[in-house]
Amino acid sequence: MVKKAPSATPQTGASRPDFSLLTDMDLYLFNEGTHQQIYEKMGAHPVTVDGVGGTYFAVWAPNAAQVCVMGDFNHWDKASHPLRPRAASGIWEGFIPGPGKGTHYKYYIISRQHGHRVDKADPYGFYHEVPRRTASIVWDLDYQWNDADWMKQRPKRNGLDAPISIYEMHVGSWRRVPEEGGRSLTYREMASQLAEYLNDMGYTHVELMPVMEHPYGGSWGYQTTGYFAPTSRYGTPQDFMYLVDYLHQHNIGVILDWVPSHFATDTHGLSYFDGTHLYEHADPRKGFHPDWKSFIFNYGRNEVRCFLLSSALFWLRKYHIDGLRVDAVASMLYLDYSRKDGEWIPNEHGGHENLEAISFLRKFNEAVYQNFPDVQTIAEESTSWAMVSRPTYLGGLGFGMKWDMGWMHDTLKYMAKDPVYRKHHHNQLTFRLLYAFHENFVLSLSHDEVVHEKGSLINKMPGNDWDKFGNLRALYGYMYAQPGKKLLFMGGEFGQWNEWSHDSSLDWHLLQYPTHGGLHNWLADLNRLYQREPALHELDFSPTGFEWLDCNDWQNSTMSLLRYARSTKDIILVVCNFTPVPRFDYRIGVPRPGFWQELSNSDATMYGGSGLGNLGGFEADPVPMHSRSHSLNLTLPPLSVMFFKNEG
């Protein structure tokens, strides 16, 4: 008889050599690299065997001469509880009576290579000590989910034709508790506050910077050691499940940053795991990342692919995650990424493409969409690699979406310029539409743009304080006018002056000031407008959903465009003025007669603007303009974006 044990009283005793959770088929699939749920067998699992409570341990260490489990159950004795090797699989396993849920443990590994000895955390551990401590903790993933309604609606909420507006955030620095030394909120404390805030702001999804366990907070989670464990800094696995569950109950999707591109070099982690370069390439030209001083996975090793594939599916299956944003995809695709000549090894054809990583990414996306067709995978890919978000059967990488890094760079460069010079750089705003439908793009203004002495978004804007806020409102308006899903990093929604720091809270006190509060209101209204109007989201990834009216008025730094829904009934007109000079009697051609209602205007006083506008809208005049039979005679407020609607 084998069953889970709720908890076990520690006892002494040798491991049971005759018990295993791993079947021969498990071993075959693991060594083949195709096992998608190996975490159910590897790691530490509390079980009861023939009436005796304890924990089954299994770890992959093919080059070990001996593997033992040490922990608080045996006073951290390195030798008292050895595991046994399982055939030629490279896995060491054993059932140890006594240790149960809550037991702290590590693996003590003696390598066949020069007798190398090391203490390792569990690569498949579900829970780990709060850093800087490094032990793993025996745990289960039992939880009663209450998000059935969300899960039923998820295909609609996550669809490519859905309004997806993402709030990117860092769990530890969103809000803190000043009365308690400025500590971070726990997962459970955050749940209600975050859900209420995101609902008030009109966001559809939240993207969490990596919550997977990591030793150094300054890495923001991007140097991972625990690929199957949420960081214990803010609570238990069940506490994190509660956060996801609560957000789902309040109609907020949850996307996680996931980092298969590199991993931390810390001794207790995956590096040099069994005295050999097991998870990473041995040759530093393939196995060490020069930018981040981290190790790169060996994507050609079956068991490593299995580890990563199981990790990705683990978060989707066990934590009901709605999407995975894959970090640093470009660094995976290119063997010469951030390397000089002589610092990289060509592939078998002499090229710089990492064929093993490409194969892994395709298998990853195929597995995700086969198992969870209602989620999304999103690539942070910063180059012009073709077909990142196209199906693998067409030769693509298979991602659902891709960050549009080109749009971000071009638009921020444009917006940083004094408006008097913008007319000479008009193409930085219009160039995107030459490639906008080559991929399924997410327009991202992420954490990367407000760190490393880059300054905050508001501080990138030129002019005095009024100009800065006007420019930032115009930037956000233009972002929501463009085809593509939306992402903004926390703090940008109210114009935080300070560059983001992971060690402190956002500057929430700024919301008491009208300029910051006005920007906050503008972002919330943009999100609601984006969700409410099908023309602004249904055809985000189709050229049939977009049309320039006039993108050539570079001398006035203005432009106008149309957005269409599947139904021909609704048309949205967007008019932008990127100078602080109001334009009166500015005529815009429109595709049909009738009343054009002014839905939103970034220069409204409620947003901190000057209050210029168009009295709620106008009837189109039978005056030809821009190859149209009718036109509108508009007032363009300074540094503004306006949305108009004609219902036909």
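Author: Two strands count as paired if DSSP finds at least two bridges between them. The model discussed here is predicted.

Reader: Which residue of strand 7 stands opposite V118 in strand 8?

Author: Strand 7 (residues 104–111) and strand 8 (residues 117–120) are joined by 4 bridges, which meets the minimum of two because pairing needs at least two bridges. The two strands run antiparallel. Opposite V118 of strand 8 stands I109.

Reader: Which residue in the hairpin of strand 7 and strand 8 takes a positive phi?

Author: The hairpin has 5 residues between its strands. One residue there has a phi near 60°, and that residue is H114.

Reader: Which residues of strand 8 point to the face where they are buried?

Author: The side chains of strand 8 alternate between two faces. R117 and D119 point to one face and are not buried. The buried residues, on the other face, are V118 and K120.

Reader: How many residues of strand 25 are buried?

Author: On one side of strand 25, T558, S560, L562 and Y564 are buried. On the other side, M559, L561 and R563 are buried as well, so both faces are covered, buried meaning under 20% relative accessible area. Strand 25 (residues 558–564) is therefore largely enclosed by the rest of the structure, and its buried count is 7 of 7.

Reader: What is the bridge partner of S560 in strand 26?

Author: Strand 25 and strand 26 (residues 571–577) form a hairpin with 6 residues between them. They run antiparallel and are joined by 7 bridges. On the other strand partner, strand 24 (residues 546–550), there are 4 antiparallel bridges to strand 25, with E547 bridged to L562. For S560, the partner in strand 26 is V575.

Reader: Which strands stand at the edges of the open sheet of 6 strands?

Author: The order of this sheet is 24-25-26-31-28-29, with antiparallel pairing. An edge strand has a single partner strand, so one side of it is left without a neighbour in the sheet. At one end, 3 bridges join strand 28 (residues 595–601) to strand 29, with F618 as the partner of W596. The edge strands are strand 24 and strand 29 (617–619).

Reader: Which helix packs on this open sheet, touching strand 24, strand 25, strand 26 and strand 31?

Author: The helix in question spans residues 465–481. Its direction makes about 35° with that of strand 31 (640–646). The helix that packs here is helix 13.

Reader: What relative accessible area does S557 have?

Author: S557 lies in the loop between strand 24 and strand 25. Leaving out residues up to four places away in sequence, S557 touches Y414, R422, K423, H426, C576, N577, F578 and T579. Buried means under 20%, so S557 counts as buried. Its relative accessible area is 1%.

Reader: In what order do the 8 strands of the barrel close?

Author: The pairing in the barrel is parallel. Strand 10 (residues 165–169) and strand 13 (residues 205–208), for instance, pair over 4 bridges, and M169 is bridged to L208. The barrel order is 10-13-16-19-20-21-22-23.

Reader: By what angle are neighbouring strands of this barrel turned against each other on average?

Author: The angle is taken with direction ignored. For the 8 strands of the barrel, the average is 25°.

Reader: How far apart are the end C-alpha atoms of helix 8?

Author: Helix 8 (residues 355–371) has 17 residues, and at 1.5 Å a residue these should span 24 Å. Its buried residues are A357, I358, F360, L361, F364, N365, A367 and V368. These pack against strand 16, helix 6, strand 19, helix 7 and strand 20. The end C-alpha atoms agree with the expected span, at a separation of 24 Å.

Reader: Are helix 3 and helix 14 roughly parallel or roughly perpendicular?

Author: Two packed helices are described by the angle between their axes and the distance between the axes. For helix 3 (residues 187–201) and helix 14 (residues 514–532), the axes come within 7 Å and cross at roughly 75°. Angles of 65 to 115 degrees count as roughly perpendicular. Helix 3 is therefore, relative to helix 14, roughly perpendicular.

Reader: Which residues of helix 3 meet helix 14?

Author: On the side of helix 14, the residues are H520, L523, A524, N527 and R528. By class, the contact has 4 nonpolar, 2 polar and 2 charged residues. The residues contributed by helix 3 are Y197, D200 and M201.

Methods. Residues are numbered from 1 along each chain as its sequence is written. This is a predicted model: local features need pLDDT of at least 70, side-chain atom pairs count only at pLDDT 80 or more; totals for chains, interfaces and linings use all residues. Side-chain values use heavy atoms; hydrogens and water are left out. Buried means under 20% relative accessible area, exposed over 50%, partly exposed in between (1.4 Å probe, protein chains only). Axes are lines fitted to C-alpha atoms, for helices over the stretch in contact, and angles run from 0 to 180 degrees between N-to-C directions. Angles under 35 degrees count as roughly parallel, over 145 as roughly antiparallel, 65 to 115 as roughly perpendicular and the rest as oblique. Contact means heavy atoms within 4.5 Å. Ala, Val, Leu, Ile, Met, Phe, Trp, Tyr, Cys and Pro count as nonpolar, Asp, Glu, Lys and Arg as charged, and the others, Gly among them, as polar. The expected span of a helix is 1.5 Å times one less than its number of residues.
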